[in-house]
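Reader: I have a chain to look at and some basic questions about how its parts pack. Can we go through them one by one?

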Amino acid sequence: MHAPDDPYAPPQADVRAAADTGDAFYVVSPLKVVVLYVATFGLYQMYWFYRHWLRWQAVHGVRVRPVVRAVFALFTVHALARRIDEALRTAGVRRRWWPMAVATVFFLCEAVSWSTAFVGPSVAARWPATTPWMDWLGIALMPLACASLVRLQLAANAACGDPQALRNRRFTVYNLLWIVGSVSVVATATVIVLRTHAG
């Protein structure tokens, strides 16, 4: 062991202390989650999951592949809910929020959406009458999926010691660009579809 004043000693760093600094989860206000989720028609959830896993990876020094976990959130939402609940217990925050039930609601909503997207076309080809029903099913489940994300976010904010998300409650220029861009794309696609059917 080198003496503290040894000029030739390599720099010492407490890796664990460094890893424990900062928020273990993405802190953001529930209002921003809802607005961005709705404005982007659910696409925001990929970014949301990515930021949560990225923070977890940075703080705990464990490689979790944030991009992969965000893309396949259907299969990783329970793991995230478990980690948030563990963080709440570690921080001594008492909260009754039923993490596995919340994660299961999101899982079911996503499972149905994926099913209608991948299996829907073949089903509609055999039974054309089911087409409108399946088109609207995914949209109808969006409020439930969004509500489950909000529940997860509220718990994550509490685990990070910022239940009101005071550090990330304002909408930034990038947020507004996301909103305007998403709405423009959807509006354009809707007009194209309507014109196609009208023709």
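Reader: In which helix is the place of Gln45?

Author: One note before the answer: this is a predicted model. Find residue 45 along the chain. H3 spans residues 44-60. Gln45 has its place in helix H3.

Reader: Is Gln45 buried or exposed?

Author: The cut-off for buried is under 20% relative accessible area. Gln45 has a relative accessible area of 8%, so Gln45 is buried.

Reader: Which residues does Gln45 touch, not counting those up to four places away in sequence?

Author: Sequence neighbours are set aside here. One partner, Tyr37, is among the buried residues of H2. The full list for Gln45 is Tyr37, Phe106, Glu110 and Leu149.

Reader: How are H2 and H3 placed relative to each other?

Author: Two packed helices are described by the angle between their axes and the distance between the axes. The axes of H2 and H3 come within 8 Å and cross at roughly 140°. Over 145 degrees would count as roughly antiparallel. H2 is therefore oblique to H3.

Reader: How many nonpolar, polar and charged residues does the contact of H2 with H3 have?

Author: From H2 come Val33, Leu36 and Tyr37, and they meet Tyr44, Gln45 and Trp48 in H3. Sorted by class, this contact has five nonpolar, one polar and no charged residues.

Reader: Which residue with a positive phi follows H2?

Author: H2 covers residues 30-39. Look just past its end. The phi there is positive, near 55°, and the residue is Phe41.

Reader: What about H3 and H5: how are they placed relative to each other?

Author: Their axes come within 11 Å and cross at roughly 45°. The crossing is left-handed. An angle under 35 degrees would count as roughly parallel. H3 and H5 are therefore oblique to each other.

Reader: Which residues in H5 do residues of H3 meet?

Author: Start on the H3 side. It brings Trp48, Phe49, His52, Trp53 and Trp56. On the H5 side they meet Ala73, Thr76, Val77, Ala79, Leu80 and Arg83.

Reader: Which helix gives the most to the largest nonpolar core?

Author: That core has 44 residues, and Trp48, Phe49 and Leu152 are among those with the most contacts inside it. The elements giving two or more residues are H2, H3, H5, H6 and H8. With 11 residues, the top giver is H8.

Reader: Which residues does Leu152 touch, leaving out those up to four places away in sequence?

Author: Leu152 is one of the residues with the most contacts inside the core. Trp48 and Ile84 share that description. Leu152 touches Trp48, Val77, Ala81, Ile84, Trp97 and Val102.

Reader: Is Met100 buried, exposed or partly exposed?

Author: Met100 is found in helix H6. Buried needs under 20%, and exposed needs over 50%. With a relative accessible area of 32%, Met100 is partly exposed.

Reader: How far apart in space are Met100 and Asp85, C-alpha to C-alpha?

Author: In sequence, Met100 and Asp85 are 15 residues apart. Their separation in space, C-alpha to C-alpha, is 9.5 Å.

Reader: And Arg167: what separates its C-alpha atom from that of Val27?

Author: Arg167 lies in the loop between H8 and H9. Val27 is 140 residues away along the chain. Yet Arg167 touches Val27, as well as Asp23, Cys160, Gly161 and Asp162. The C-alpha atoms of Arg167 and Val27 are separated by 7.6 Å.

Note on methods: Residues numbered from 1 in each chain as written. Predicted model: local features only at pLDDT ≥ 70, side-chain atom pairs only at ≥ 80, totals over all residues. Heavy atoms only, no water. Axes fitted to C-alpha atoms, helices over the stretch in contact; angles between N-to-C directions. Helix = DSSP H or I, 4+ residues; strand = E, 2+ residues; numbered from the N terminus. Parallel < 35°, antiparallel > 145°, perpendicular 65-115°, else oblique. Left-handed = near helix turned anticlockwise from the far one by under 90°. Contact = heavy atoms within 4.5 Å. Core = buried A, V, L, I, M, F, W, Y, C linked by side-chain atoms within 4.5 Å. Buried < 20%, exposed > 50% of the residue type's maximum accessible area, 1.4 Å probe, protein only. Nonpolar A, V, L, I, M, F, W, Y, C, P; charged D, E, K, R; others polar.
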